[in-house]
Number of protein chains: 2
Amino acid sequence: MTGSSESGHGEERVLLAHGGGGELMHQLIRDHIVPPINNERLAALTDGAMLPNPQGALVFTTDSYVVTPLEFPGGDIGRLAVAGTVNDLAVMGATPLALSLALILEEGLPLEVLDRVMVSIGATAAEVGVAVVTGDTKVIERRHLEAEGNPLVANGLFINTTGVGRLRPAVSLDVGRIEPGDAVLVNGPIAEHGLAIMSLRNGLEFESVVRSDAAPLNSLVAVLLDTTADVKFLRDATRGGLAEVLADISETRGVSIQIDEHQIPITPATRHAAEMLGLDPLTVANEGKVVCVVSDESVSMALAALRSHPLGRHAACIGNVTATQPPLVELRTRVGGRRVVPRPYGEELPRIC
Amino acid sequence: MTGSSESGHGEERVLLAHGGGGELMHQLIRDHIVPPINNERLAALTDGAMLPNPQGALVFTTDSYVVTPLEFPGGDIGRLAVAGTVNDLAVMGATPLALSLALILEEGLPLEVLDRVMVSIGATAAEVGVAVVTGDTKVIERRHLEAEGNPLVANGLFINTTGVGRLRPAVSLDVGRIEPGDAVLVNGPIAEHGLAIMSLRNGLEFESVVRSDAAPLNSLVAVLLDTTADVKFLRDATRGGLAEVLADISETRGVSIQIDEHQIPITPATRHAAEMLGLDPLTVANEGKVVCVVSDESVSMALAALRSHPLGRHAACIGNVTATQPPLVELRTRVGGRRVVPRPYGEELPRIC
């Protein structure tokens with residue numbers, strides 16, 4: 001009794017019975033889910049985990065991941081799930097303390113895919129230096145067979161990660177601190193995650209593959225916050241891309257933001273893919289990019305700090321906050337024109353993260 | 001622009017574009033998701049929430065909910081999602097501090113269903129006295145249309161709730177404290193959640209409807225723990241039912257457990273439904289039942305405490321821990337026979353919670 005079925009190709013798959021809460025489920029969890037992420041607290045497999053006496057204020061954040069396909073150049077849903085939640089903690093000024101991991105598996109998911117994703121979760125958590133301390137697994141029925149050919153519905157794995165972090169002492173990240181004259185920085189080339197996924201889905205082949213930038217930013221953010229107290233606001237530019245983050249700042253703070261197209265880091269491969277797909281890179285999701293607002297005086301120190309880290313080597317100052325009213329985000333284009341950058345409306349790119 | 005489509009019946013539904021991270025998504029979150037669960041911390045709609053200086057050890061737990069149908073006699077997926085995670089905290093001896101809420105919506109979900117579920121989440125959180133302080137929303141594509149008639153796949157809403165709780169001081173709940181001679185208590189009639197769902201799915205109509213017992217047990221557990229320090233172990237009997245909890249205790253602690261069928265509370269309607277469906281009530285999920293192991297001397301005090309609470313009015317002592325080897329769970333039947341209660345194997349009841 002192996003707890004999994006054999007298909008015609010000898011491939012082991014998730015069964016609906018793996019979700020029933022009985023012996024089969026125990027096998028699945030013990031053989032496939034726990035080993036790559038094992039640690040003392042998780043191994044107890046109780047209904048929750050103890051966090052002994054954390055000091056100071058805590059930060060609490062949750063995200064579900066429904067990306068399709070599950071594996072893509074530069075990452076997979078597991079790396080995304082760990083990095084994404086860690087990044088939410090990091091941009092709030094918190095050091096990750098513990099993660100929870102909740103899996104919804106679709107019947108028929110090849111166990112080798114699950115195994116690769118779990119290994120990726122374990123490796124990314126180790127990269128961050130955080131443990132997955134509690135979890136949950138559910139199994140849902142297979143979707144209609146006709147969905148098999150459709151990459152948007154053929155997948156069968158959703159992940160929720162929720163994180164608890166300790167707020168760094170003396171950090172004051174608050175959109176309310178942003179003032180006209182402040183500078184807007186980004187840690188590297190934009191739009192890579194979204195275009196990696198969309199190129200794959202559209203079967204586009206380019207000379208150079210666009211790879212997702214999915215990465216945990218906690219150590220990059222730590223280097224930046226250790227360097228200067230003049231960091232006023234951080235936000236990871238995920239769904240909705242750079243445009244969404246800048247729209248949020250502009251709306252919430254009632255300021256305008258002017259960005260320079262020729263200052264925004266983007267690789268030729270990404271730009272080419274965006275053109276082929278008719279997408280505006282400003283609105284495309286990143287999974288390893290953070291927008292930093294710092295005082296004008298701190299720009300060179302902040303850039304030097306970012307560039308000292310492997311994930312910030314191509315950091316750039318892309319624009320400035322201005323007092324122009326009404327509040328809007330404006331792009332100075334390469335050819336010297338100007339255009340308003342609207343908040344993305346949300347019609348494109350389902351299941352990008 | 002209402003941010004939602006009109007079907008032929010004028011019914012507003014979730015659109016894939018609601019998940020794109022743009023303007024439409026903001027509308028969905030502000031109009032349909034935040035209002036019923038609103039509180040100061042959640043309203044900020046930042047990527048996470050601050051928990052200011054919690055004292056002592058914390059408990060951290062996560063669960064995803066995939067129950068189908070979404071609404072059933074006695075509850076809905078929202079009540080289940082709040083109660084289930086709160087119950088995991090409660091049985092670990094923790095007082096709930098904060099919840100996160102992550103929704104995966106399927107395109108086409110009627111917004112009025114979402115609205116009812118959100119109201120139920122808000123009401124259950126208020127009943128517990130805990131706030132939903134952070135959240136996430138994703139939208140996935142509609143499943144194949146042919147799935148529409150199939151209640152197992154026609155639903156379109158998955159919920160993850162993750163909870164942080166403060167460990168009560170001086171509580172020592174540990175399966176290692178269980179000794180032969182201890183008593184096993186349950187706070188009321190078993191198997192109601194699972195049989196409510198299965199009866200509904202099978203279209204069974206009985207004279208009296210089986211209603212789910214879904215309920216948050218934090219205040220019941222608090223009354224019990226305030227009464228006696230002789231509570232050694234608590235576990236909510238969810239997937240796999242009473243049989244699963246008892247199998248866990250027996251295996252982990254290396255003891256046997258003898259239970260008496262005629263002492264186990266069960267309503268006639270539940271028993272009848274179980275017979276019709278060919279299910280063993282011992283293996284059927286509960287969502288408002290806790291198994292308590294207490295020292296033999298404390299049984300009457302513990303029962304009185306449980307019975308003083310509306311959710312424990314029918315509490316009963318159902319059996320005892322024994323030293324019999326090898327460790328197993330044994331049932332004395334109504335007619336005086338004995339049978340071994342195995343760990344449920346997990347083939348039945350997908351998407352029960």
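Modeller: Before we start, two strands pair if DSSP finds at least two bridges between them, and strands (E, at least two residues) and helices (H or I, at least four) are DSSP runs numbered from the N terminus. The model is predicted, so local features need pLDDT of at least 70 and side-chain atom pairs count only at pLDDT 80 or more, whereas totals for chains, interfaces and linings use all residues. Residues are numbered from 1 along each chain as its sequence is written, chains are lettered from A and ligands numbered from 1 in the order in which they are written, and side-chain values use heavy atoms, without hydrogens and water.

Colleague: Which residue of β9(B) stands opposite S64(B)?

Modeller: Strand β4 of chain B, residues 58-65, and strand β9 of chain B, residues 157-167, pair in the antiparallel sense over eight bridges. Within β9(B), the residue opposite S64(B) is N160(B).

Colleague: Which strands stand at the edges of the open sheet that has the order β3(A)-β4(B)-β9(B)-β7(B)-β8(B)?

Modeller: This open sheet has five strands with mixed pairing. Two of them have a single partner strand each, so one side of each is left without a neighbour in the sheet, and these are β3 (49-51) of chain A and β8 (132-140) of chain B.

Colleague: In the other open sheet, β8(A)-β7(A)-β9(A)-β4(A)-β3(B), which residue of β3(B) stands opposite L58(A)?

Modeller: Here too there are five strands and the pairing is mixed, with β8 (132-140) of chain A and β3 (49-51) of chain B as the edge strands, each pairing on one side only. Strand β4 of chain A, residues 58-65, pairs with β3(B) in the antiparallel sense over three bridges. Opposite L58(A) in β3(B) stands L51(B).

Colleague: What kind of axis relates chain B to chain A?

Modeller: Chain B is superposed on chain A, by least squares on the C-alpha atoms of residues with pLDDT of at least 70 in both, through a rotation of 180° with 0.0 Å of shift along its axis, at an RMSD of 0.0 Å. That is the relation of a two-fold axis.

Colleague: At roughly what angle do the axes of α5(B) and α8(B) cross?

Modeller: In contact, meaning heavy atoms within 4.5 Å, E192(B), L195(B), M198(B) and S199(B) of α5(B) meet T270(B), A273(B), A274(B) and L277(B) of α8(B). The axes, which are lines fitted to C-alpha atoms over the stretch in contact, with angles running from 0 to 180 degrees between N-to-C directions, come within 10 Å and cross at roughly 55°.
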